[in-house]
Amino acid sequence: MNGFRKQLATLAAATTLLSLATPVLAEEVNIYSYRQPELIQPLLDAFTKETGIDTNVLFLDKGLVERIAAEGENSPADVILTVDIGRLVETKDGGVTQPVESDIINSDIPAEYRDPDGYWFGLSRRARVIYASKDRVPETEITYEELADPKWKGRLCTRDGQHQYNLALFASMIAHHGAEYTETWLKGVRENLARKPDGNDRSQAKDIYAGGCDIALGNTYYVGLMMTDENEPEQQEWAGAIKVIFPNAKDRGTHVNISGMALAKHAPNRDNAVKLMEFLTKKEAQEIYAERVFEYPVIAGAEPSDIVKSFGTLNADPLPLIDIANNRKLASELVDKTGFNEGPSM
Ligand code: FE
């Protein structure tokens with residue numbers, strides 16, 4: 001080997017050493033998300049700016065738990081982001097997460113929005129409210145219990161009774177009133193349906209706009225999404241036809257569900273993942289996120305967007321989400337037992 005080659009070899013060895021050291025220099029965290037990347041990107045940019053940790057997002061619209069399970073110990077997943085208590089519980093039950101012990105998370109996020117064992121944490125809240133026709137519903141207060149009142153016969157619309165959003169609401173009814181009451185209540189609600197449960201939350205607002213029903217169950221953020229929909233401007237008319245009524249605002253509070261996060265079981269960048277999770281509980285991040293998704297922050301002192309504030313004031317039911325999770329299966333059985341999805345029997 002001549003001198004030049006020797007020099008090159010030395011250089012190559014040095015480069016190899018350098019590239020071996022690279023992982024330490026390039027800090028990163030991998031996020032598996034059911035949330036659209038554009039919804040979380042502003043948050044992740046703020047995180048990278050503050051910490052220098054890069055973020056990589058894998059967006060999935062289904063099969064997140066199965067995918068992480070299949071990847072096993074080699075899974076690059078660090079943080080899981082998803083919506084609904086049902087899906088959060090699936091990540092724990094599917095064995096693809098690990099508990100987190102963080103004083104910051106535990107002190108900032110109220111206990112009702114955290115798994116008691118530390119396997120999942122709420123990031124934002126959505127309320128399941130009543131969309132009511134501005135023209136045909138003079139009422140300003142309606143309770144969930146009253147949805148079974150015969151005065152609403154033929155006037156109520158909803159999506160599938162087995163959908164996660166409805167199951168969580170029905171599970172909260174079981175937690176508050178017991179299974180027997182909830183079964184009777186579901187039968188009453190079923191008889192008030194204007195048609196078989198169908199469509200998504202936005203299409204219930206469309207039905208109210210079109211005169212097919214007067215009240216419907218729907219999540220708060222869809223009202224903000226409809227109000228600002230530029231691709232399908234008719235959605236702004238659907239939103240314009242409804243007012244938001246927060247059920248039980250004056251007693252136990254309105255049922256809320258959460259979007260949330262969990263730490264992947266084999267997180268290769270565990271420390272960075274926990275840093276990201278802690279960052280997401282800060283007031284600044286909470287408000288960026290809430291504004292972007294038209295939801296409510298989970299921490300005290302953080303404000304929702306002006307559009308969300310325009311719906312009215314949320315008085316959230318303080319029922320722990322774990323109690324909702326634990327009653328979901330029973331809620332699902334009652335939906336079948338009462339023939340809820342078959343629509344009114346008379
Ligand atoms: Fe949704």
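In the predicted model, the domain assignment divides the protein chain into two domains, each built from two segments. Domain 1 comprises 28–125 + 257–303, and domain 2 comprises 126–254 + 322–342. The centres of domain 1 and domain 2, taken over C-alpha atoms, are separated by 28 Å. Contact between the domains involves 20 residues of domain 1 and 15 residues of domain 2. About 1,300 Å² is buried between domain 1 and domain 2, and carbon and sulfur atoms contribute 58% of this area.

Helix packing was examined for three pairs, two of which involve helix α14 (residues 321–337). Two packed helices are described by the angle between their axes and the distance between the axes. Helix α4 (residues 85–93) meets α14 at a crossing angle of roughly 80 degrees, and the two axes come within 10 Å. Because angles of 65 to 115 degrees count as roughly perpendicular, α4 is described as roughly perpendicular to α14. On the α4 side, the contact is formed by Ile-85, Gly-86 and Val-89; α14 contributes Leu-321, Ile-324, Ala-325 and Arg-328. By class, 5 residues of the contact of α4 with α14 are nonpolar, 1 is polar and 1 is charged.

Helix α7 (residues 179–192) also packs on α14, here at an angle of about 40 degrees and with the axes 10 Å apart. This angle makes α7 oblique to α14, and the crossing of the two helices is right-handed. The residues of α7 in the contact are Ala-179, Thr-182, Glu-183 and Leu-186, while those of α14 are Leu-330, Leu-334, Val-335 and Lys-337. The contact of α7 with α14 consists of 5 nonpolar, 1 polar and 2 charged residues.

The third pair is formed by helix α9 (residues 220–227) and helix α10 (residues 234–241), whose axes come within 7 Å and cross at roughly 130 degrees. The angle makes α9 oblique to α10, and the crossing of α9 and α10 is left-handed. Helix α9 contributes Val-223, Met-226 and Met-227 to the contact, and helix α10 contributes Gln-235, Gln-236, Trp-238 and Ala-239. The contact of α9 with α10 contains no charged residues; 5 of its residues are nonpolar and 2 are polar.

Terms used. Residues are numbered from 1 along each chain as its sequence is written. This is a predicted model: local features need pLDDT of at least 70, side-chain atom pairs count only at pLDDT 80 or more; totals for chains, interfaces and linings use all residues. Side-chain values use heavy atoms; hydrogens and water are left out. Axes are lines fitted to C-alpha atoms, for helices over the stretch in contact, and angles run from 0 to 180 degrees between N-to-C directions. Helices (H or I, at least four residues) and strands (E, at least two) are DSSP runs, numbered from the N terminus. Angles under 35 degrees count as roughly parallel, over 145 as roughly antiparallel, 65 to 115 as roughly perpendicular and the rest as oblique. A crossing is left-handed if the near helix is turned anticlockwise from the far one by less than a right angle, and right-handed if clockwise. Contact means heavy atoms within 4.5 Å. Ala, Val, Leu, Ile, Met, Phe, Trp, Tyr, Cys and Pro count as nonpolar, Asp, Glu, Lys and Arg as charged, and the others, Gly among them, as polar. Domain bounds come from an automatic or database domain assignment. Buried area is the accessible area (1.4 Å probe) that two parts lose on being put together, summed over both.
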